[in-house]
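Hello,

Here is the structure I promised to pass on to you. Please open it alongside this message, and then read on for what turned up in it.

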Amino acid sequence: MNPHHESLFIGGRWVAPASDEKITVLGSSTEDVLGSVPAGNEKDIDVAVAAARAAFDDPDGWAAWQPARRANALCRLADALERRMEAITHAVSAQNGMTITLSEQVEGALPTTLLRYYADLIRDNPGEDVRDGMLGAPVHVRREPLGVVAAIVPWNAPQLLSATKYAPGLAAGCTFVLKPSPETVLDAVLFAEAVEEADLPPGVINIVPAGREVGAYLVSHPDVDKVAFTGSTAAGRQIAATCGSLLRPVTLELGGKSAAVILDDVDLNTAIAEPFFLATLLANGQACFASTRVLAPRSRYDEVVDAVASLVSGLTVGDPLDTRTQIGPMASARQRDRVEGYIEKGKTEGARLVVGGSRPTDLAKGFYVTPTVFADVDNSQTIAREEIFGPVLSVIAYTDEDDAVRIANDSEYGLGGSVWTDDDERGMRVARRIHTGTIGLNHYTVDPAAPFGGVKASGLGREFGPEALHNYQQIKSIYR
Ligand code: NAD
């Protein structure tokens with residue numbers, strides 16, 4: 001396949017972009033050019049929104065289809081994605097450094113699972129129920145599609161984070177303009193090809209890769225009815241402000257600084273193993289929910305630091321396309337610089353560097369950072385407060401259970417988290433006290449059947465589960 005693309009997928013066709021400008025992507029492990037796509041601009045957004053508007057407003061179109069017909073289309077899209085799974089997962093890993101084993105699960109399999117899940121949820125659901133009113137007459141309560149959705153996604157899990165929006169949104173009857181992040185645009189081309197093959201009506205999904213200014217234009221476009229955003233808290237605040245002034249519904253999945261609370265009863269040999277690695281350093285630390293603040297009981301502090309250091313120093317760092325790799329590179333030079341900046345900050349603010357802190361010496365190319373552990377971190381230090389979005393853990397001491405809960409909750413964010421204990425009931429008790437949208441007991445794995453999202457600066461609203469359908473529906477009561 002030619003990796004240099006000349007057109008944009010808008011209105012069910014490959015169309016010429018408004019300008020000659022390109023987005024060129026570098027391989028995260030090779031630093032070589034992987035390919036390019038047209039850089040969408042405001043004119044492309046106008047065309048894409050018009051196509052989504054026309055598709056939504058068509059009286060016999062997508063929004064008016066019986067749910068079973070839409071469900072069949074969602075399943076066709078899942079099939080078309082499945083046929084491209086290998087190419088998609090390779091494209092994601094080569095661009096953003098996600099290990100191929102993770103990419104296969106998260107970027108390959110999960111979007112198809114979500115499409116089939118929402119197809120099943122709507123297939124036999126008329127979206128309308130009739131209630132006995134209080135005035136002696138029935139009331140019909142309908143869930144109608146919200147309209148044209150602007151979906152804006154980051155680079156760390158571009159296919160999944162698109163699917164968490166379009167799968168429930170398409171099921172509800174909405175139409176989409178999807179704006180991928182400039183770091184991950186090649187997988188978006190493969191997604192567009194799947195949409196084309198699945199024969200969705202023209203304009204139901206339109207894709208315009210572009211940067212943040214064009215994203216901001218899309219958010220404020222007068223013909224957009226709803227915004228679904230995943231990305232940084234800083235961008236989320238700007239988008240929320242725009243949507244607030246327009247009274248436009250918005251869901252925001254933002255940053256995190258979650259805590260892994262290690263209780264004093266834990267058997268460290270079993271706790272600090274694979275599930276702990278996945279909860280803290282998944283996707284090279286480029287995961288929003290990662291438990292990067294490790295809270296350790298003062299009575300066993302040194303033991304915990306040793307166990308975490310031994311796990312992290314034993315990780316295999318390397319080519320994301322090699323199935324043996326556990327930690328791949330950062331997605332870009334900019335992201336590597338950012339992570340290295342935080343490592344320097346950790347050192348100058350007095351944290352003790354135990355493992356890592358530099359670039360791997362055996363990898364000549366690629367945006368790598370050696371997985372890093374800091375000990376003696378105070379929760380007030382920058383590396384404990386700000387989202388690093390890289391493979392850097394901070395081990396923070398606490399005195400007792402109340403102190404652990406206090407420190408876990410002493411954060412601007414509240415997205416993920418985990419509790420590690422041999423006593424399930426005790427773990428549940430602590431988990432209930434932590435202010436967060438999601439939390440795991442002795443592991444952290446997002447279950448798509450349950451709502452996922454954050455509290456405080458981690459966002460507004462939830463994705464996944466039946467709850468996510470409601471993000472894309474408007475409720476109407478008809479009094480008979
Ligand atoms: P980012 O906010 O810089 O960019 C995300 C996307 O938004 C990109 O497509 C970008 O072009 C666009 N964008 C940026 N500013 C915008 C604006 N003002 N208006 C409209 N669009 C705008 O984030 P990033 O660096 O690409 O991604 C990393 C961030 O995403 C981290 O903070 C991470 O925690 C967060 N994230 C959150 C979740 C979640 O589910 N809560 C999941 C993954 C990533």
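**A buried alanine, and what else was found**

Let me begin with Ala-283, which has a relative accessibility of 11% and so counts as buried, the limit being under 20%. This residue sits in the loop that runs between helix 10 and strand 13 (293-297). Its phi angle is near 55 degrees, a positive value in a residue that is not glycine. Please keep in mind throughout that this is a predicted model.

Phe-389 can be read alongside Ala-283. Phi of Phe-389 is near 60 degrees, again positive in a residue other than glycine. You will find Phe-389 in the loop between helix 13 (382-385) and strand 16 (392-398). Is Phe-389 buried or exposed? With a relative accessibility of 15%, Phe-389 counts as buried, because that value is under the 20% limit.

**How the chain is divided**

The domain assignment splits the protein chain into domain 1 (8-254 + 456-479) and domain 2 (259-441). Domain 1 is therefore written as two stretches of sequence, while domain 2 is written as one. Between the C-alpha centres of the two domains there are 31 Å. Where the domains meet, 29 residues of domain 1 are in contact with 33 residues of domain 2.

UniProt, in an unreviewed entry, lists residues 14-478 as "domain: Aldehyde dehydrogenase". Over that range the chain is 39% helix and 18% strand, and the C-alpha atoms at its two ends are 41 Å apart.

**The annotated active site**

The unreviewed UniProt entry also places the feature "active site" at Glu-253. In the model, Glu-253 belongs to strand 11 (residues 250-253). Glu-253 counts as buried because its relative accessibility, 5%, is under 20%. Which residues does Glu-253 touch, leaving aside its neighbours within four places in sequence? Its contacts include Phe-229, Thr-230 and Gly-231, along with Leu-415 and Phe-452. Gly-453, Gly-454, Ser-458, Gly-461, Arg-462 and Glu-463 are also among them.

**Two pockets to look at**

The largest pocket has a volume of about 1100 Å³. Its lining is made up of 39 residues, and those nearest the centre are Arg-212, Phe-229, Gly-231, Ser-232 and Ala-235. Helix 7 (212-220), strand 10 (226-230), helix 8 (233-246) and helix 12 (333-348) each give two or more residues to this lining. Helix 8 gives the most, with 7 residues. Sorted by class, the lining has 17 nonpolar, 12 polar and 10 charged residues. Domain 1 and domain 2 each supply at least three residues of the lining. Phe-229 and Gly-231 are worth a second look: they lie among the residues nearest the centre of this pocket, and they are also in contact with Glu-253.

The second largest pocket has a volume of about 670 Å³. It is lined by 32 residues, with Leu-102, Gln-105, Val-106, Leu-282 and Phe-289 nearest its centre. The elements giving two or more residues to its lining are helix 4 (100-123), helix 5 (158-172) and helix 10 (274-281). Which helix gives the most to this lining? Helix 4 does, with 5 residues. Here the classes come to 20 nonpolar, 10 polar and 2 charged residues. This lining, too, draws at least three residues from each of domain 1 and domain 2.

Enjoy exploring, and best wishes.

Technical notes. Residues numbered from 1 in each chain as written. Predicted model: local features only at pLDDT ≥ 70, side-chain atom pairs only at ≥ 80, totals over all residues. Heavy atoms only, no water. UniProt positions renumbered as here; feature names shortened; annotations may be inferred. Helix = DSSP H or I, 4+ residues; strand = E, 2+ residues; numbered from the N terminus. Buried < 20%, exposed > 50% of the residue type's maximum accessible area, 1.4 Å probe, protein only. Contact = heavy atoms within 4.5 Å. 1 Å grid on protein atoms, 1.4 Å probe; cavity = no way out; pocket = protein on both sides within 12 Å on 5 of 7 lines; lining within 4 Å. Points joined across faces, edges and corners; volume = space filled by probe spheres on them. Nonpolar A, V, L, I, M, F, W, Y, C, P; charged D, E, K, R; others polar.
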